[in-house]
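Hi,

Here is the structure I promised to pass on. Have a look at it first, and then read on for what turned up in it.

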Amino acid sequence: MANGRTVLERFPAGGPRGSWPAEEFAHARRMEGLPAEVVMDLATDAFLVIVRGDMVVDAAA
């Protein structure tokens, strides 16, 4: 966790036109009850799916 957030997954920004894998992944996590959101990491040119705050993420769930 960095800056009060947990990174769940990273997706390259250069995906095929019309493809939104980060948004789809975040939506699936929200359906599981996690307040996931997508942010852009300009330093790595990637979309990050994150959960803000001190929420503990159980990778086995």
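What covers the buried residues of α1? The cover includes the strands β1, β2 and β3. Before I go further, please keep in mind that this is a predicted model.

**The helix**

Let me stay with α1 for a moment, which spans residues 21-31. Its buried residues are A22, A26 and R29. Looking down the axis of α1, you would find these buried residues within an arc of 60 degrees, so they line one face of the helix. E24 and M31, on the other side of α1, are exposed.

As for how the helix is placed, α1 lies across β1, β2 and β3. Its direction makes an angle of about 155 degrees with β2. Just after α1 comes G33, which has a positive phi, near 100 degrees.

**The sheet**

Now for the strands. How many strands form the open sheet, and in what order? There are 3 strands, arranged as β1-β3-β2, and the pairing is antiparallel. β1 and β2 stand at the edges and each has a single partner strand, so one side of each is left without a neighbour in the sheet. From one strand to the next, the twist averages 30 degrees.

If you want to trace the sheet yourself, β1 covers residues 5-12 and β2 covers residues 36-41, while β3 covers residues 46-52. Here is how they pair up:

- β1 and β3 are joined in the antiparallel sense over 7 bridges. P12, for instance, has A46 in β3 as its bridge partner.
- β2 and β3 are also antiparallel, and pair over 6 bridges. Here V38 has V49 in β3 as its bridge partner.

β2 and β3 make a hairpin with 4 residues between the strands, and in that hairpin D45 takes a positive phi near 55 degrees. β3 itself is mostly covered, since 5 of its 7 residues are buried.

**The nonpolar core**

Which residues make up the largest nonpolar core? That core has 5 residues, namely F11, A22, A26, A36 and V49. Two of those names, A22 and A26, are already familiar from the list of buried residues in α1.

V49 is a good residue to click on here. Leaving aside residues up to four places away in sequence, V49 touches T6, V7, L8, E9, F11, A22, F25, A26, A36, E37 and V38. Among those contacts are the core residues F11, A22, A26 and A36.

**The salt bridges**

How many salt bridges does the structure hold? It holds 3, and I'll take them one by one.

D41 forms a salt bridge with R10, and the closest N and O atoms are 3.8 Å apart. D41 lies in β2 and R10 in β1, so the pair ties together parts that are 31 residues apart in sequence. Is D41 buried or exposed? Its relative accessibility is 18%, so D41 counts as buried, the cut-off for that being under 20%.

Next, the side chains of R52 and E37 meet in a salt bridge, at 3.0 Å from N to O. This pair also links distant parts of the chain, with R52 in β3 and E37 in β2, 15 residues apart. E37 is partly exposed, and its relative accessible area is 28%. You may recall E37 from the list of residues that V49 touches.

The remaining pair is R29 and E32, whose side chains meet at 2.9 Å, N to O. Where do these two stand in terms of burial? R29 has 16% relative accessibility and counts as buried, whereas E32 is exposed, with a relative accessible area of 55%. R29 sits in α1. Not counting residues up to four places away in sequence, R29 touches L8, L34 and A36. A36 is one of the residues in the largest nonpolar core.

If you'd like an order for browsing, you could begin with the buried residues of α1, move on to V49 and its contacts, and then look at the D41 and R10 pair.

Cheers

How values were computed. Residues numbered from 1 in each chain as written. Predicted model: local features only at pLDDT ≥ 70, side-chain atom pairs only at ≥ 80, totals over all residues. Heavy atoms only, no water. Core = buried A, V, L, I, M, F, W, Y, C linked by side-chain atoms within 4.5 Å. Buried < 20%, exposed > 50% of the residue type's maximum accessible area, 1.4 Å probe, protein only. Contact = heavy atoms within 4.5 Å. Salt bridge = Lys/Arg side-chain N within 4 Å of Asp/Glu carboxyl O. Helix = DSSP H or I, 4+ residues; strand = E, 2+ residues; numbered from the N terminus. Pairing = 2+ DSSP bridges. Axes fitted to C-alpha atoms, helices over the stretch in contact; angles between N-to-C directions. Arc of directions from axis to C-beta.
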